[in-house]
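Please consider the structure below, beginning with the overall form of one chain and ending with the interface between two.

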Amino acid sequence: MGKRNTVQHQPNPHESTHSLKGTFIAVMLLGVFILVSWFGFYALFLSR
Amino acid sequence: MHLHKYEKIWLVFGMASLVLFLLIIGFAAFWKGTHPQSHIETIDPQNVEAHDAFKPENLGIREVADGKYIVNIVASAFNYDFGKDTEGNAIKTIRVPKGSTVLYQITTKDVVHGFQVAGTNVNMMVEPGHISRYEAVMKNVGEFTIVCNEYCGIGHHQMYGTVEVYE
């Protein structure tokens, strides 16, 4: 029993070391690209 | 449920973008009346002359009010019919003053064609059995080439015309 409890309480090494910073930057860059291109096309539509 | 701080940020960003774009679509459709260029009104493609706008004598440009024009066109493989001038030659150039409002009305006798005034917002699909309309304010001076942008057959590239906007 005791041994099993210690195993359960060990933190998952993958969760503690996994950083989402790169994913965050990639997602935000994609979002900014979509928004900038949309407003760019809209400006083109208005100017023509 | 545990969500990482970054995940919360990009989920909010994504959902906010979705809501923004849906609101823009709703605004365009319900307030501004934007719709597909060929909608509701149908025509017999075998007999387009039966429609008032597409009688041979009504083709081409016509001024309906001060600064307002209607251009009627019949597309067919491989030509845009803008009517004939006084000497009987086929008209290929439409001339309008800058800032005029032009309603383009076009239909096709045979297959699907395109109608694009390159460099402007006028860009429509022309389907047999339908009348395509697009009203545009010609706010930039210049010569704009009309092209067919739906592949319609061997002479597709020979379908052309010009819209000339002058000061």
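The paragraphs below describe chain B, its core and its contact with chain A.

This is a predicted model, in which local features need pLDDT of at least 70 and side-chain atom pairs count only at pLDDT 80 or more, while totals for chains, interfaces and linings use all residues. Residues are numbered from 1 along each chain as its sequence is written, and chains are lettered from A in the order in which they are written.

Chain B contains one helix and 11 strands, the helix preceding the strands in sequence; helices (H or I, at least four residues) and strands (E, at least two) are DSSP runs, numbered from the N terminus. The radius of gyration of chain B, taken over C-alpha atoms, is 20 Å, whereas a compact globule of 167 residues would have a value near 15 Å (the rule being 2.2 Å times the number of residues to the power 0.38). Along the principal axes, its C-alpha atoms fill a box of roughly 80 × 40 × 30 Å.

Buried residues (20 or more other C-beta atoms within 10 Å of their own, with C-beta atoms placed from the backbone) account for 25% of chain B. The largest nonpolar core (buried Ala, Val, Leu, Ile, Met, Phe, Trp, Tyr and Cys residues joined through C-beta atoms within 7 Å) has 27 residues, of which B:Ile73, B:Ala75 and B:Ile106 touch the most other members. Strand 3 of chain B supplies the largest share, five residues.

Finally, eight residues of chain A are in contact (C-beta atoms, placed from the backbone, within 7 Å) with nine residues of chain B.

Terms used. Contact = placed C-beta atoms within 7 Å. Buried ≥ 20, exposed ≤ 12 C-beta atoms within 10 Å, placed from the backbone.
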